[in-house]
Amino acid sequence: MSTVYDAQTLTPGAATSRLRVVLLLDVLDGHEQKFLAAYDQIRLQVADVQGHISDQLCQSLGNGSQWLITSEWDSAEPFLQWVESDEHRAVVEPLHVCVSETRSLRFLIARETPEPGAAAARNAVPAPTAA
């Protein structure tokens, strides 16, 4: 796989090594509670995996059977090690019986709003000046 850099939008070193994983799912009718229980088990397991930062579960506003799971990782390596492990295959097994279709996408984080540390800088109280 090659990496393409555009000098005006992304320069070497500008991208973080953090990884965002997006999983799109279509949950079968009547399987929502099984799906949520399976997600809760996966969430508990993945929270202990080194390199995992956070995850979110979202339901489509317009179509209740469409769900989105996102997770953020320190880098691609810990995610790939976990996703290829026997432990991962065992913990996601109950999820497969609840969904008709899944699509997994993986992205390196190139830009972020606000930039890390920007909120702290905005909220900092300036030091008093000498008179």
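## A pair of strands to begin with

In strand 3, the residue that serves as bridge partner to L24 is L68. This pairing belongs to a predicted model, and it is one small part of the link between strand 1 and strand 3, which run antiparallel and are joined by eight bridges. As background, the strands of a sheet pair through backbone hydrogen bonds, and they may do so in either a parallel or an antiparallel way.

## The chain as a whole

The protein chain holds four helices and four strands, and, read from the N terminus on, these elements follow the pattern β-α-β-β-α-α-β-α. Of the 131 residues in the chain, 26% are buried, while the accessible surface comes to about 9200 Å², with 54% of that surface belonging to carbon and sulfur atoms.

How far apart in sequence are the residues that contacts join? Among contacts between residues at least 6 apart in sequence, 72% join residues that are at least 24 apart.

## The sheet

The four strands form an open sheet in the order 2-3-1-4, and their pairing is antiparallel. Strand 2 and strand 4 are the edge strands, since each of them pairs on one side only. From one strand to the next, the twist averages 15 degrees. Helix 1 packs on this sheet, where it touches strand 1, strand 2, strand 3 and strand 4, and the direction of helix 1 makes about 170 degrees with that of strand 2.

The other two pairings can be followed in the same manner as the one described at the start. Strand 1 and strand 4 run antiparallel and are joined by nine bridges; within this pairing, D26 stands opposite E101 in strand 4, and L19 stands opposite L108 of that strand. Strand 2, which covers residues 52–59, runs antiparallel to strand 3 and is joined to it by seven bridges, with H52 standing opposite W73 in strand 3. The connection from strand 2 to strand 3 is a hairpin, which passes through six residues.

Is strand 3 largely enclosed or largely open? Six of its eight residues are buried, so strand 3 is largely enclosed by the rest of the structure.

## Helix 2 and its two faces

Helix 2 spans residues 76–83, and its buried residues are P78, F79, W82 and V83. Why do these residues line one face of the helix? When helix 2 is seen down its axis, the buried residues fall within an arc of 125 degrees, so they lie along one face. The face turned away from this buried side carries E77 and Q81, which are exposed.

The buried residues of helix 2 pack against several other elements, namely strand 1 (19–27), helix 1 (32–47), strand 3 (66–73), helix 3 (86–96) and strand 4 (99–108). For one of these buried residues, W82, the partners can be named: leaving aside its neighbours within four places in sequence, W82 is in contact with I42, V46, V49, W73, E87, H88 and V91.

## Helix 3 and its two faces

Helix 3 can be read in a similar way, with H88, V91, V92 and L95 as its buried residues. Seen down the axis of helix 3, these buried residues fall within an arc of 90 degrees, so they line one face of the helix. On the face turned away from the buried side, helix 3 carries the exposed residues D86, A90 and E93. The elements that cover the buried residues of helix 3 include strand 1, helix 1, helix 2 and strand 4.

## The nonpolar core

Which residues touch the most other members of the largest nonpolar core? This core has 21 residues, and the ones that touch the most other members are L25, F35, W73 and W82. Strand 1, helix 1, strand 3, helix 2 and helix 3 are the elements that give two or more residues to the core, and the largest share, five residues, comes from helix 1.

Two of these names have appeared before, and they help to connect the parts of the report. W73 is the residue of strand 3 that H52 stands opposite, and W73 is also listed among the contacts of W82, which is itself one of the buried residues of helix 2.

Technical notes. Residues numbered from 1 in each chain as written. Predicted model: local features only at pLDDT ≥ 70, side-chain atom pairs only at ≥ 80, totals over all residues. Heavy atoms only, no water. Buried < 20%, exposed > 50% of the residue type's maximum accessible area, 1.4 Å probe, protein only. Arc of directions from axis to C-beta. Contact = heavy atoms within 4.5 Å. Core = buried A, V, L, I, M, F, W, Y, C linked by side-chain atoms within 4.5 Å. Pairing = 2+ DSSP bridges. Areas by Shrake-Rupley, 256 points an atom, 1.4 Å probe, with all protein chains shown as cover. Axes fitted to C-alpha atoms, helices over the stretch in contact; angles between N-to-C directions.
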